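Here's a quick tour of one protein chain, with a look at its core, its rings and its charged side chains. Keep the structure open while you read.

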Amino acid sequence: LEEFDAGKWLELPLAYFHNICSWEKMNFLDNNRFREAIKKSWVFSGHDSRVKNLQLLLDNNLGYLFFKEIERTKIHLTQHDTAVLDFDNSGIHITEEITLAAFENEIIHQNLGKIENYLNEFLEKQQCDLAAVHSVFLTGGTSYIRPLQDVFKRKFGSSKIKSGDNFNSVALGLAYSYLNLK
């Protein structure tokens, strides 16, 4: 640390942000080696507030609460064109307006592309005549995401898109599958 030139701040490792963006990866951040790396990054980044927020998030075991706020924001975007992510806990203060366009173009764009590519490949492999499809049933909480609905509406037409009990239907479908396997 003594030889470090304070005028040359280091960029933060992208792994920090990739890992906090995924609930299932969040637990991998909670180890001594990673915490030590975060402490060093705090210094070498010029006391970047993002690093401090990550440190506080881990130290105070706030991952679940943070993801609940992210989920609340996403749900709000299913009905509105803007939402505010507002997280204020244990010294972490994040208030950020997110537009539906930014959510689509900056956050979920790659996943939307993967879903659309998979859908196209599936339909082609099955030699599916789109005119013969009478309805498309979307299920699960993710199916409420308007950009995802738009993918299916473009492909099949709005009148064919149906949904039901989106939150319980996935669990019910899994239960039926489990019972049919026995």
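## A lysine, a core and some pairs

Let's begin with K160, bearing in mind that this is a predicted model. Leaving aside its neighbours within four places in sequence, K160 is in contact with L130, A131, V133, H134, S135 and V136. You'll find K160 in the loop between α8 (146-156) and β4 (161-163). What is the nearest side chain of opposite charge to K160? That's D129, 7.8 Å away, and K160 has no salt bridge even though it is buried. A salt bridge would need the nitrogen and the carboxyl oxygen within 4 Å. What K160 does have is the backbone oxygen of V133, which sits 2.8 Å from a polar atom of the lysine side chain.

Now for the greasy part. Nonpolar side chains tend to be buried together in soluble globular proteins. Here the largest nonpolar core has 33 residues, and V136, one of the K160 contacts, is among those with the most contacts inside it, along with L54, L57, L58, F103, F152 and F156. Helix α4 (residues 49-59) gives the most to this core, with five residues. As for F103, its contacts beyond four places in sequence are K74, L77, I98, I108 and I145.

On to the rings: there are four aromatic pairs in the whole structure. F66 and F67 make an edge-to-face pair, because their planes are at 75 degrees, with the centres 6.3 Å apart. Both F66 and F67 are buried, and together with F87 they form one aromatic cluster. Y118 and F122 are stacked instead, at 6.5 Å centre to centre and 20 degrees between the planes. These two sit four residues apart in helix α7 (residues 109-125), about one turn of the helix. Y118 counts as exposed at 57% relative accessibility, while F122 is partly exposed at 40%.

Finally, the charges: the structure holds six salt bridges, including these three.

| Salt bridge | N to O distance |
|---|---|
| D59 and R35 | 2.3 Å |
| R50 and D48 | 2.7 Å |
| R154 and E116 | 3.5 Å |

The R154 and E116 pair ties together parts that are 38 residues apart in sequence, since R154 lies in helix α8 and E116 in helix α7. R154 is exposed at 56%, and E116 is partly exposed at 25%. D59, in helix α4, and R35, in helix α3 (residues 32-44), are 24 residues apart. In the remaining pair of the table, D48 is buried at 16% relative accessibility, whereas R50 is partly exposed at 43%.

Methods. Residues numbered from 1 in each chain as written. Predicted model: local features only at pLDDT ≥ 70, side-chain atom pairs only at ≥ 80, totals over all residues. Heavy atoms only, no water. Buried < 20%, exposed > 50% of the residue type's maximum accessible area, 1.4 Å probe, protein only. Lys, Arg positive; Asp, Glu negative; His and termini not counted. Polar contact = N/O pair within 3.5 Å; in protein donor to acceptor, adjacent residues only side chain to side chain. Contact = heavy atoms within 4.5 Å. Core = buried A, V, L, I, M, F, W, Y, C linked by side-chain atoms within 4.5 Å. Phe/Tyr/Trp six-rings, centres within 6.5 Å; stacked < 30°, edge-to-face > 60°.
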